[in-house]
Structure formats: C-alpha cells, structure tokens
Amino acid sequence: MTLPDHLPVLVVLLPLLSAPLCILVDRPRAGWLIALIASWLSFAASVALMVQVSGGETISYHLGGWAPPWGIEYRIDLLAAFVLLIVTGMASLVMVFARHSVVDEVPEERIARFYAALLLVFAGLVGIVATGDAFNVFVFLEISSLASYAVISMGRDRRALNAAFQYLVMGTIGATFILIGIGFLYMMTGTLNMLDLAARLPEVSDTRTVRAGFAFLTVGIGLKLAMFPLHLWLPNAYAYAPSAVTAFLAATATKVAVYVLLRFVLEIFGAEFSLGAMPLDLILMVLGTIGILSASLVAVFQHDVKRMFAYSSVAQIGYMLLGISLASTTGVGATILHVFNHALMKGALFLALGAVAYRIGAVTLRDFAGLGRRMPWTMAAIVFSGLSMIGVPPTAGFVSKWYLVLGTLEQGLWPLAVLILIGSLLALIYVWRLVETAYFDSVGDDAPPVREAPASMLIPIWILVAANFYFGLYTDFSVGTAMRAASALLGGGG
Amino acid sequence: MLFGIYSFLTAALFMDLDAVDVAFTEAAVGAGVTTVLLLSGLRLTNRWEHRPRHGRLVPLIVVGITGAALIYGTMDAPLFGDPDAPAHRHVAPRYIEQGPQEVGMPNMVTAVLASYRGYDTFGETVVIFTAGLAVMLLLGIQQGPSASPGRAAIGDQPVLRVVAKFLLPFILLYALYVQMHGDFGAGGGFQAGVIFATGFVLYALVFGEGHARRVVPPRWLHRLAALGVLIYGGVGLVSLFGGKAFLDYTVLAHDPVHGQHLGVLLVELGVGVTVFSVVLAIFYALSGRKRQA
Amino acid sequence: MSGIPGLLNYWVAVFLMMAGFYVVIAQGNLIKKLVGLGLFQTSVFIFYITVGKVSGGNAPILSEGITAYSNPLPHVLILTAIVVGVATTAVGLALVVRIQEAYGSVEEDDINDADQEAELALTRQHDGKPGDAGT
C-alpha cells in the first residue's frame, strides 16, 4: 500500500496524533503551529480523497488488516468526502484565525492544552465521517464531545462552565441513546458494520426491536443535531465559548450530526423504512419547521449577538431536516448542499464576531453601535454572510434555499415553501437590527477607540465570504456533488 | 457510597454472565475510580442538596415514555441466553473459533479488543487522554496545602503505614501481572493502569501527597499520558510504513501470529501508561484543590 | 411475545436505566445529576452484556474441554463504554468543581437565579448609558 491508499486514515490520524504532540511540547506558539499544520495537511488529504471518489467509486480501508464485518472499516464515498472537505477546510481557516483570538481569550499557560483539545474535537469529527462502523461512530463521537465540553468551558464568562455542563449532560444522554440503538440493531443482526447492517436489516425491520432501535438512534442523533426541541444546549454553548471554538463548532459539529442522520436513516435503515414505514418524514417536517420559525423568532429578540446567531443556527438546522423529510433527491440534495453552504456562511459570521470580540471584548447589540465605520472590513463581512443566511442571490445561501423550495413545490407542499420564506424574512429582521446599529447609530462618547481586526483574522473571514459568493455563482461543484450524493443515498437504501 | 456498592454488585453480575474482563474493569473503574471521583467532588462542594424547585411531572412523563419504548423494543428480541440469536451467529463465531489461532492468545476478548477491533480501543485510549486533558484544562494541578512532604491527609497512623508499605509492592506487582497476562487470563491495559494508579493513590493517602508527588511529579503525568497515546498510534504507524493498513500487526514480526501477539502487547502497554497517568493526574487535580468557602 | 422469563433480565436493566435517567433530568443538584448519568450508563452496559450471554456458555477464554463460549463482542464494546462513562464522569466533575467555585453552589436553581440577576443588572446598566462597551 502506498501513501494515497492510506489517505482515509491519515485525515483522522493527523489531528489525532498531533494532540498528544501539543501536550509534549507545551508551549503556546508551538501548540498553535502544530494545530495549524495538522489541519492544513488534513485538508490536503481530504482534497485528494475528493478527487479520488469524484468518479463515483467508494474507498474501503480495512483497519488492522481485518476485513469487515470482523474488523473496522473506513468507507469514503462521495458524501463522506464532501463532508470531510468541509470539516477540514473549516478547521484550517479557524486555526489561522485562532492565533490572536486564543491568545486573547485563553490564559497563556493553558494554550497548548487548548489546542490539543481543539485538535481532538476536529479529529473526533472527521473520525465520525470517515468510518463505516456503527460503534466506531460512538467512540469518536465521544472523543469529539468530551473535547468540546472542555474547550467550550474555556470561555471567559463564567456562564461558559454551566453551558458546558448542560451540554455534557444532554450530549451524554444522546450518546447513550445512540448506544442503546446500536445495541438493539446488533441484537437483531449480529453485526456493527454499516453496509452489513443495511443488508441485514430489511428482513428484520418489521420487529419492534428494530423500530425501537430506530427511535433511540434518531433521538440520540437529534440531541447532537440540536433538533427542536432538543436544542436547548446550543445557544448557551455557542454564546459563551471562546470565539474560535464557536466558529468551528457552528460550522462543523451539527453538520457532522446531520451526516450521521443521513447515513443511518437513508443508508442503514433505508428511505423506505425510515420515511415510509416509520413516520420520520412527518416528524422531521414538523419539528424542522417549528425549529425554523421559533428559533428565528427568538433570535430577533436577543441582545447578545452571538446568541442571536446561535438561534439562527438552530433555524438553519431546521431547514436541513426539512430537506430530509421530503425524501426526494432534490430535498436531500438541498440538505447536503446546505451542510456545505451553512458552514461557509456561519463560519464567516462567527469568525467576524470573534474579530469584534477581539477588538472590543464583548458582542452585545449596543457594542456594535457605529462599528460600520470603525471596523469596515469586519462589518462588511458580517453583512455579506448575513445576506447569505437570508438567502439573497447571488450568495450560496440563496442556492440552498432555492433547491429546498423547489423540493417542496415538487411535492405540492407550497405552504411549506411559504414558511421557508417567512423564516428568511425573520432572518432579515435580526440581521437588519445589527446592520442598523452598526451603520446608522452613532458611536458612544465614552466608547474606546478600536482599530480594524488584524490580517490573520480578516484573511480567513474574507476567504469564506468570497466562497459564499463564488459558490453562489458557480454551483456546479457544490450542487452537483450534493445531488449525486443524495441520489446515491436514496437509490442504494431500503 | 451507594454508587460504589452498586458498581460492585454490577461487577458481580457481570461475572455471573461470563463477562470476566468486563467484571474486572467495572470493579476497578466503576467501583474504584468513579466512587473516588464522586467523593472528591462532594468534598469540594456542598454536602447537602436543596429541594429542586421545578416540578416532577415532566421528567416522570419523559422517563415513562422512554422506559415504555425500551420495553417495547425488547418484546421481539431473542430470549436471554439463546445461542441461536443473531447476535451470536454472524460475526462472533469467527472471533471464538479462529481468534485464538489468528491472534495467538486464548483470551478472545483481548483478541477482539486489541486486534480485530483495535482501532476502537485506540479511540478509547484517546478518550481517556481527552478526559485527562479536559481535567487539566479545567482544574490544573495545584500546590495544595497537603503537598508539602511529610504531612498525611489522615494523620499519623503507624498501623496503616506499616500495612501500606507491605501491600504497595504487591499492588504494583499485581498491576504489572495483569498488564502482561491479559492475553491469557482476564486483564489487560485498562485494568492494569487503574490498579497501578491505585497503588500510588494509596501511597498518597497514607503517607501524604507531598511524598507521592516527589515520586511521580505531576508534570510528568501529562507527558506520560501523551506518550501512551503515541505508543499506540506509533505501532499503527509502523504498520503503515510496513506497507499494510494502520494497526495491522502482521508486519511486526517474522510470522503473522507472532506479529499479532507483539502488537497486542505493545498497544496494551500504551493503554496502561495512559490510563495510569490520567487516573493519577485526576486524583492530584481533585485532591490538591483547596476547598473554597 | 413469547417467554416473559426470557426477557426479564432485559427488563431489569431497563428499570435501572430509567431510574438513572429520571435522576438526571429531575434532580437539581449537579453532582446528583452526574450520579444519575452514571447509573443510566451502567445499566445500558448490563443490557449489552445480557445480550452477549449464551446459555451454558463460559467466559470467552479458550480452555481445555470447553466448547461453548459466551459472545466476546459485547464484552469488548462494553469495556470501551465503561471507559467512556468514567471519562465523562471525570470531566463532569471537574466542571462541577469549577462551577462551585464560580457560583458558590451546585444547585441548578441557584445558578440560574444568579445568571438571571446578572443579565438584569446588565440591561439596567445598558439602558442608562447607550453605546457603552461593557460586560
């Protein structure tokens, strides 16, 4: 086997093994550098993987040399490669941004350990995406989650501690539910390998055990997804965590949960079972829509801007769930597409907020007064990513919404299309509040002078903003990959 | 305390269900480590709780629905102990029938744990490392008041000291035995790491943390934890350089079975090192923390 | 639904799970929540091991003269899960200790009260002086 053959495992190993390296070195700048290099190399590996699978083939890697289902398998298909690209890409950009942000927000003697933990969040997430074994998902989910609790708690505000704790409790319940679900499936099939499960489940899918397993799995994954009403941990966790952490998690963690949902619901259980025999399509449709509307509404009334956009994220996840509930290539494709686009827009947004926090120290609505003139580049970035979130052409956000609405209209569900548009309208309101304060309010008399954010922050922010426009105009890659992945999931399953 | 007793009972139940390795681990980890953790936590917080203000109805409903769903799920399940259940028919037979030959050891659980599903165990080692890292980030290891040499937390107890001095080498030796013998009997890296750490905890309790910290300085611990993970990963990387998949042990020796055996031994060592250092580090972090008013 | 005796073991595990789960969501004391979480997780382990048992089988260590073995796979999974459970408890506890130091209490109600008061104080302060950059 040569290097290209090992790429699936290298994507995970690079951040995973760099974490203990950070601990051994234990110096802040070195820790940051290790994290940076590991992320970039991992990104390079996932680009190479994307190239390898774009022809439509699936890569299978046998860990330990044992063939599945006796050994653990890494399976990289189009969907997995796509999500890997997103996660590693975001990690690379956030690490660049993190250089100043982390120094500002985390005590110096903890910085190396902080980067080690951040690398573990990253490694856990890519481990979840790359694997083809259900129990392996659980293990790496816990790696990522435990590390997340740690990094979230490092926020400056003491409320970060409780936020991390609440996330720990809810996250562990979710993980335990997933474990129960896997246990039920194992009881009925005797295997843990995803492909094997997909092959063996149809003959036992009519049993109560499998149905119960399905229920527990979806609830457990739903907790990690922040699906309404299991989203309660998210707003606080995003609001009080260090800026780099919020940006990274917002762009990746819940998306990976969406990926897991897609894998289990569409590939392992099959669309016929999940969305046909079991009422999941209705549940996702209802909960997704409620999530969109309620979260967007709550966002309008927030003072803390980070919290505002955290609720916005819950709404965006609602859109993704809605897409899955449509059970069509257009619908599921829209979801996968939005996984990509949302990472771009929320990544840019939270990084920009982090830049504001860096210069000003806080991010309540009042702090934004007159910021449009004082930090023009940062504010412009926020405006543009806000536009993408609302879904204004020619941004990427518009493309996702477009396909989602298309999916609903294809099935004659035009009331849903209306609700989607109402969601966009609500987003317009809260983004406008921010814009109004930033550009039309005057700077307070006793406000301290602020400079624009440093280049190391602006560059990743604007790369993402530019990506929002690029992928809003040239949609071949994103839309094409998403639709192909969707039809593979729907065609192969059930 | 109740939780500790519960853990012991669980361990006994596991023994009865033929799960010897699990029983061992549950006893060491569950009854031992978790109880110590919770007691330390209680020491640092208030001992008595207040009555919760919110109602009990919603939680009861949620629990009721969940429990009902679980029972519903078991209704079509294969009966307890049924040898024809799918769980025993498909993947498991190979582990039982060929595991000992392919991996070269009679303990099938270790074979599956360290070889067939060795990557999961690698992940698990990383989980322990992550927990230790998290505790280091949150608490750090301080110079507690009991850290000065010569002062024991429980005062000067000559009988305890003599007994502890006598027991300690046996405890550590037993830990090493468990570590090495895990491929034949019940045991392996996790249990060994915990027992080894327990030896030091005993030393710290009886002789004073200051002495314990001189023997194993806290600064070493996080490096040791990192080292354990790197040992495990390193074995896997050697396989990569040998032209095989990550963690394929067959490249490690002249014939595949010996390679498997060697690989298992090495990765278990990595596990043991990490478990030991993390457990001890967490103990230092919690015990050294000053109780705040 | 044949043979309730054959399912009894599972149901006992379920009962324990629900006891733990209830403690997690109903209790206000953070440490009790952690204990409940541990109880919940441990009973899931009992469930898995019960699945692995084969009647008349023995511990899965190859020995002379024994032909029937219990399934080693659930054992492996649970070993991992036990470790994950302890890791979670340890991290949870570290958080609780920090919360105690920051708030002076580990009761959910007290913490929520303290946070709400702080928020109110902040809004009052902001209403008085617009454009203030303070938290």
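A residue is counted here as buried if 20 or more other C-beta atoms lie within 10 Å of its own. By that count, 55% of the 293 residues of chain B are buried. The structure is a predicted model, and chain B makes a convenient place to begin a tour of it.

The secondary structure of chain B consists of 12 helices and zero strands. Read from the N terminus, its elements therefore follow one another as α-α-α-α-α-α-α-α-α-α-α-α. Contacts within chain B reach well along the sequence: of those between residues at least 6 apart, 72% join residues at least 24 apart.

One helix of chain B can be followed in more detail. Helix α9 of chain B covers residues 189–207, a run of 19 residues. From its first C-alpha to its last, α9(B) reaches 27 Å, close to the 27 Å expected at 1.5 Å a residue. As for its surroundings, 17 of the 19 residues of α9(B) are buried, so this helix is largely enclosed by the rest of the structure. Just after the helix comes Gly208(B), which has a positive phi, near 100°.

Chain A, with 494 residues, contains 20 helices and two strands. Its C-alpha atoms fill a box of roughly 70 × 55 × 40 Å along the principal axes. How does the radius of gyration of chain A compare with what a compact globule would have? For 494 residues, a compact globule would come near 23 Å, and the 21 Å of chain A agrees with this. Buried residues account for 71% of chain A. Among its contacts with a separation of 6 or more, 80% are between residues 24 or more positions apart.

The final part of the picture is the meeting of chains C and A. Here, 31 residues of chain C are in contact with 33 residues of chain A. On the chain C side, the elements that contribute two or more residues are α2 (30–52), α3 (72–103) and α4 (108–128) of chain C. The most is given by α3(C), with 12 residues. What kinds of residue make up the side of chain C that touches chain A? They divide into 19 nonpolar, eight polar and four charged residues.

Methods
Residues numbered from 1 in each chain as written. Chains lettered and ligands numbered in written order. Predicted model: local features only at pLDDT ≥ 70, side-chain atom pairs only at ≥ 80, totals over all residues. Helix = DSSP H or I, 4+ residues; strand = E, 2+ residues; numbered from the N terminus. Expected span 1.5 Å × (residues − 1). Buried ≥ 20, exposed ≤ 12 C-beta atoms within 10 Å, placed from the backbone. Contact = placed C-beta atoms within 7 Å. Nonpolar A, V, L, I, M, F, W, Y, C, P; charged D, E, K, R; others polar. Rg over C-alpha atoms; globule rule 2.2 N^0.38 Å.
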